[in-house]
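Colleague: Before I use a model such as this one, I would like to learn how to read it with some care. Could you take me through it?

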Amino acid sequence: MPQVVAATDPNSPRSDQTDLAPASDSDHELADEVTRSAPSWLLSLVIHLIVLLILALLTSPMPEGFQNLVVEFGIAERSDDDASELDLSSPIMNETIEATEDALTETMVEADVVELFEDVETFEQADIQPEQLGPGSVSITKPMFGGRTGAMRNALMAMYGATPETQEAVKLGLAWLKRQQTSRGHWQLDGPYDNGANTDNSCAATAMALLAFAGDGNTHLEGPYREEVHRGVKALIQMQDRTGFMATKTRGNDRAYAQAQATIALCELYGMTKDSWLRGYAQLAIDYAFTAQGPGGGWRYRPREPGDMSVTGWYVMAVQSAMAAGLEVKDSQVREISNFLDSVSVYNGAAYSYQPGQGVAKTALTAEGLLCRQYLGWDRGHPSMSDGLSLLQEQAPFDTNNQNVYCWYYETQAFHHYGGFHWKWWNDQMKVKLPALQIRDGQERGSWAPQRDAWSIGGRLYTTCMSIYCLEVYYRHLPLYDHAE
């Protein structure tokens, strides 16, 4: 074993003088024999230990009077530890040993070692180079929410043009949502913040808040907002009846929207965690969705009612989330959704109307319909897909003088999945203008005001959640297509 002897002031008394005595000839002969018979790995280990000890001593504070350093390599007097029996495997510990924080603090030694790692660059999440990575340079795999954390998230943000401003806007938005959670774990559409909706819809508000947190990688098991998500999902589950319906306290036509949004939230959180506790509730919710599906393949305000494009779009996302999570879905009823989309399509599927037979295209519904087509299997090269997105570019640009978060929500997703020139054109506007609309001062800091929006009836929480979804788009759902442009 190597022995390190530090000589301090030469005039000071020493207790280890015998360690420095000259070795006899027999000692040298024995040392030579051991050195020749020692395995190469042991010699390498000893040399590396000596180097590390020298570096540690050189970088450690030296006591006053320190003048000489002697490193002695020789044969230990004790022969209890045979090098041939050295076990390099990890020791088996019967008990976990925890070091206290104080102990760690006392034994830490400050050392300036930057020059040893000058080729290593640290990655700061805020330092994003938009579109630094070319399309196809990252392997994209399912599930659809697999890019919300870790290295994949960072790569997606760089690839699709996120900025420090979009990240900061999401951060502030989630902080605002946290402040609005009630003591019972749910959220409300009508307050306690300013400019809430005229009526409450706790089911929809809770589901939308949970989707915003989940979109940024938070679940009830992990993430900086895991406690808020845990309380929220428990509140949502407490609303669910034995049929899977959760919007029991919601009035009127809003019940269908709230139920679809709550179903998405449960399916996504189960898909992200695979928590067996949550699976039954998520499965029950998606079972209800297929029970409520209308005869033409769509959904509307009441179960089994002929569908409309608006409600159907939310349920399509619920079905896709359930499929990505590995829940049981009815393939035959999934295929019926395409029949409904055919019935509301205009211009050979490039645009979409509200209900079958109307034949009047609406911009928001066109974006919603195209997104549904993407999830239900249309190829990127489908002529109507390109025509529809070009139509949206012409007639529904990102215009802050004509705010419409509902339309922006669907356009952002459809352009993102499609990629290429269409996405770059949209994102160049959205990533600058949408954060600029966020409130940055006062008690509503982090939210988006609803007054000028086409859907102001939804209130501040609605516009805030929809805006957050848009700014999470870079990683919220994995892109569906390999982009050729």
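Modeller: We go from confidence to a single helix and then to the core.

Colleague: What is the mean pLDDT of the protein, and where does pLDDT stay under 50?

Modeller: This is a predicted model, and pLDDT is the predictor's confidence in each residue, from 0 to 100. Here the mean is 80, with 70% of the residues reaching 70 or more. The value stays under 50 over residues 1–28, for which the model has 26 contacts beyond four places in sequence, and also over residues 62–141, for which the model has 75 such contacts.

Colleague: Why does the distance between the end C-alpha atoms of helix H13 agree with its number of residues?

Modeller: The expected span is 1.5 Å times one less than the number of residues. Because H13 has 13 residues, 383–395, it should span 18 Å, and its end C-alpha atoms are 18 Å apart, which agrees.

Colleague: Which residues of H13 are buried, and what covers them?

Modeller: In an α-helix there are 3.6 residues a turn, so residues three or four places apart point the same way. In H13 the buried residues are Ser 384, Met 385, Gly 388, Leu 389, Leu 392 and Gln 393, and their cover includes helices H12 (363–375), H14 (405–418) and H15 (420–436).

Colleague: Which residues have the most contacts inside the largest nonpolar core?

Modeller: That core has 114 residues, and Leu 177, Met 430 and Leu 461 have the most contacts inside it. Beyond four places in sequence, Met 430 is in contact with residues including Phe 398, Trp 423, Leu 471 and Tyr 474.

Terms used. Residues are numbered from 1 along each chain as its sequence is written. This is a predicted model: local features need pLDDT of at least 70, side-chain atom pairs count only at pLDDT 80 or more; totals for chains, interfaces and linings use all residues. Side-chain values use heavy atoms; hydrogens and water are left out. Helices (H or I, at least four residues) and strands (E, at least two) are DSSP runs, numbered from the N terminus. Buried means under 20% relative accessible area, exposed over 50%, partly exposed in between (1.4 Å probe, protein chains only). Contact means heavy atoms within 4.5 Å. A nonpolar core is a set of buried Ala, Val, Leu, Ile, Met, Phe, Trp, Tyr and Cys residues joined through side-chain atoms within 4.5 Å.
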